[in-house]
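Visitor: Please take one part of this model and go through it closely, giving the cut-off behind each term as it comes up.

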Amino acid sequence: MSEGLDLDAMLERFRDRAEAVRKRNLPPVGGEERRLFIAQAQADYQDFAMLGDAEASLEDGILTLTIDLRPSEPDTS
């Protein structure tokens with residue numbers, strides 16, 4: 001399986017999926033269903049965006065995704 005795996009293309013697909021979730025229209029639902037839909041969309045966006053921002057490596061058939069979750073340094077310039 002790892003022979004044809006294009007890591008850059010995989011990460012791009014996750015970025016595309018995050019953008020698609022962000023642009024997803026809200027269906028005509030109300031009340032609790034609306035709240036649940038919005039909560040799921042927020043979780044989907046976060047997951048896809050994090051994976052899209054990952055650095056990927058493939059060594060000896062093991063796919064490793066590295067995601068830096070440390071807070072960014074403030075710009076002091």
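Guide: A salt bridge is counted here when a side-chain nitrogen of Lys or Arg lies within 4 Å of a carboxyl oxygen of Asp or Glu. The model is a predicted one, in which local features need pLDDT of at least 70 and side-chain atom pairs count only at pLDDT 80 or more, whereas totals for chains, interfaces and linings use all residues. Residues are numbered from 1 along each chain as its sequence is written, and side-chain values use heavy atoms, with hydrogens and water left out.

The part I would choose is helix α2, which covers residues 31–52; helices (H or I, at least four residues) and strands (E, at least two) are taken as DSSP runs and numbered from the N terminus. The 22 residues of α2 reach 32 Å from the first C-alpha to the last, close to the 32 Å expected at 1.5 Å a residue, where the expected span is 1.5 Å times one less than the number of residues in the helix.

Among the residues of α2 is R35, which forms a salt bridge with E32, the closest N and O atoms being 2.6 Å apart. Because R35 and E32 stand three residues apart in helix α2, about one helical turn separates them. For accessibility, buried means under 20% relative accessible area, exposed means over 50%, and partly exposed lies in between, with a 1.4 Å probe and protein chains only. On that scale R35, at 46%, counts as partly exposed, and E32 is likewise partly exposed, with a relative accessible area of 43%. Elsewhere, salt bridges that share partners join E19, R22 and K23 into one network. Within that network, E19 and R22 form a salt bridge whose closest N and O atoms are 2.6 Å apart, and these two, three residues apart in helix α1, are also separated by about one helical turn. E19 counts as partly exposed at 29% relative accessibility, while R22 counts as exposed at 51%. A search of the whole structure finds six salt bridges, one of them between D68 and R70, with the closest N and O atoms 2.8 Å apart.

To return to α2, its buried residues are A41, D44, F48, A49 and G52. Seen down the axis of α2, they fall within an arc of 120 degrees, so they line one face of the helix; the arc is that of the directions from the helix axis to the C-beta atoms. What covers these buried residues includes α1, residues 7–23.

The pairing of the two helices can be followed in the largest nonpolar core, whose ten residues are L7, M10, L11, F14, A18, V21, A41, F48, A49 and A54. Such a core is a set of buried Ala, Val, Leu, Ile, Met, Phe, Trp, Tyr and Cys residues joined through side-chain atoms within 4.5 Å. Both α1 and α2 supply at least two residues each to this core, and its largest share, six residues, comes from α1.

One core residue from α2 to examine is F48: leaving out residues up to four places away in sequence, F48 touches F14, R17, A18 and V21, contact meaning heavy atoms within 4.5 Å.

D44 adds an acidic side chain to the buried set of α2, and it counts as buried at 18% relative accessibility. With residues up to four places away in sequence again set aside, D44 touches V21 and R24. The side chain of D44 also makes a polar contact with the side chain of Q40, at 2.7 Å; a polar contact is a pair of N or O atoms within 3.5 Å, where within protein one must be able to donate a hydrogen and the other to accept it, and residues adjacent in sequence count only if both atoms are side-chain atoms.

A reference point away from the helix is T64, in strand β2, residues 62–66. T64 and A41 are 23 residues apart in sequence and 26 Å apart in space, C-alpha to C-alpha. At 36% relative accessibility T64 counts as partly exposed, and, its neighbours within four places in sequence left aside, T64 is in contact with E55, A56 and S57. The loop between β1 (55–59) and β2 holds D60, whose phi is near 55 degrees, a positive value in a residue other than glycine; D60 is exposed, with a relative accessible area of 82%.
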